[in-house]
Amino acid sequence: MGQCVTKCKNPTSSLGSKSGEKDAGKSHGKKGGAHKEEVAKSSTDVIFNGTKVSEVTVEGTTAPAVSADVRREQSAQDGEGVSLARIDELFLCYKDEHEDAILEEGMERFCNDLCVDPAEFKVLVLAWKFQAATMCKFTRREFVDGCKAIQADSIPGICSRFSVLLEESRGEESFKDLYRFTFQFGLDAEQGQRSLQRSIAIALWRLVFTLDTPPLLEHWLDFLSENPCGVRGISRDTWNMFLNFTQSIGQDLSNYSEDEAWPSLFDSFVEWETERRRREQSDSEAASVWPGS
């Protein structure tokens, strides 16, 4: 897909790494004005068990002054070499002119620099790690916290993390979290949606199961596309239960029971799929009897 090149200037070293000036503070002690200047030493008598004991004397050399640039650099570091300053600069490359967030246009440029398609599974995983609340949008907080979470502060850095993130997403608990995140991610929060539009749900189901596709997925999506039940939206409960369905119901559907607490839409799907298979088998048998027809 080509080499990932960011359109903004990402410094390869920490910002403001200037050496602080060392101001060696000196105090001068005089005795009768005849002695030469000496490095001051502090000595104080203290009482310890009724006896005067002189404290250990320490040369009064002042610690080197730390410049403001160095202090800013130190405060900008978070984690193992990840720079908040670089993350912030990267965010500004794609930020909308009027809103403190990366919106659709900036997201397209961001994905282009990452050499990924905005509709690709990698982008869904990245949005999951960034805990993005809305599709096609990263707030400043989401972007900064997300980059810190994946330990990356540049376009090449994010690209290098994709393989690890994809592998992480395949873990049982991680995928369950990603799967549930995907439902919320697909909702239009500004419109107050509580269920996914059928077309959006179909697209997100196909996307979230990119790496490990359940055998029944395509038949389920065909059922929703044909929509014999007149389904308009997919509820959170139906979305969550479908993952359980794919994990517990065999491909032949023989262990499915309507007596269990499955959503009624699943009952309709099993009936539809059973009938589809019956017709398919009937057509296959007819073709074997009349091969020339």
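**Figure 1. Helices around the second largest pocket.** In this predicted model, two helices, α7 (172–186) and α10 (236–248), each put at least two residues into the lining of the second largest pocket. Of the pair, α7 is the one to look at for sheer numbers: the largest share of that lining, 5 residues, comes from α7. The space inside the second largest pocket comes to about 280 Å³.

**Figure 2. Who sits at the middle of the second largest pocket, and what the wall is made of.** Zoom in and you'll find E172, F175, K176, L243 and Q247 nearest the centre, out of 17 lining residues. Sorted by class, the lining of this second largest pocket is a mixed bag, with 6 nonpolar, 5 polar and 6 charged residues.

**Figure 3. The largest pocket.** Here the volume is about 370 Å³. The largest pocket has 17 lining residues, and P118, A119, M135, C136 and F185 are the ones closest to its centre. Three helices give two or more residues to this lining, namely α3 (104–113), α4 (121–130) and α8 (198–208). Top contributor is α8, which chips in 4 residues. As for chemistry, the lining of the largest pocket counts 14 nonpolar and 3 charged residues, with no polar ones at all.

**Figure 4. D153 and its polar partners.** D153 sits in the loop that links α5 (140–150) to α6 (155–169). Is D153 buried or exposed? Its relative accessibility is 11%, so D153 counts as buried, given that the cut-off for buried is under 20%. Two polar partners of the D153 side chain are worth picking out. One is R86, whose side chain makes a polar contact of 2.8 Å with the side chain of D153. The other is S83, where the backbone nitrogen lies 3.0 Å from a polar atom of the D153 side chain.

**Figure 5. The wider neighbourhood of D153.** Which residues does D153 touch once neighbours within four places in sequence are set aside? The list runs G81, V82, S83, R86, I87 and L90. S83 and R86 on that list are also the partners in the close-up of polar atoms, at 3.0 Å for the S83 nitrogen and 2.8 Å for the R86 side chain.

**Figure 6. Stepping back to the whole chain.** For context, the secondary structure adds up to 11 helices and 10 strands. Of the 293 residues, 34% are buried. Among contacts with a separation of 6 or more, 66% are between residues 24 or more positions apart. The chain's accessible surface is about 18300 Å², and carbon and sulfur atoms hold 48% of that.

Terms used: Residues are numbered from 1 along each chain as its sequence is written. This is a predicted model: local features need pLDDT of at least 70, side-chain atom pairs count only at pLDDT 80 or more; totals for chains, interfaces and linings use all residues. Side-chain values use heavy atoms; hydrogens and water are left out. On a 1 Å grid over the protein atoms alone, a cavity is a set of points where a 1.4 Å probe fits but cannot get out, and a pocket is an open set with protein on both sides within 12 Å along at least five of seven lines; lining residues have an atom within 4 Å of a point. Grid points are joined across faces, edges and corners, and a volume is the space filled by probe spheres set on the points. Ala, Val, Leu, Ile, Met, Phe, Trp, Tyr, Cys and Pro count as nonpolar, Asp, Glu, Lys and Arg as charged, and the others, Gly among them, as polar. Buried means under 20% relative accessible area, exposed over 50%, partly exposed in between (1.4 Å probe, protein chains only). A polar contact is a pair of N or O atoms within 3.5 Å; within protein, one must be able to donate a hydrogen and the other to accept it, and residues adjacent in sequence count only if both atoms are side-chain atoms. Contact means heavy atoms within 4.5 Å. Accessible areas come from the Shrake-Rupley method with a 1.4 Å probe; for residues, only the protein chains shown count as cover.
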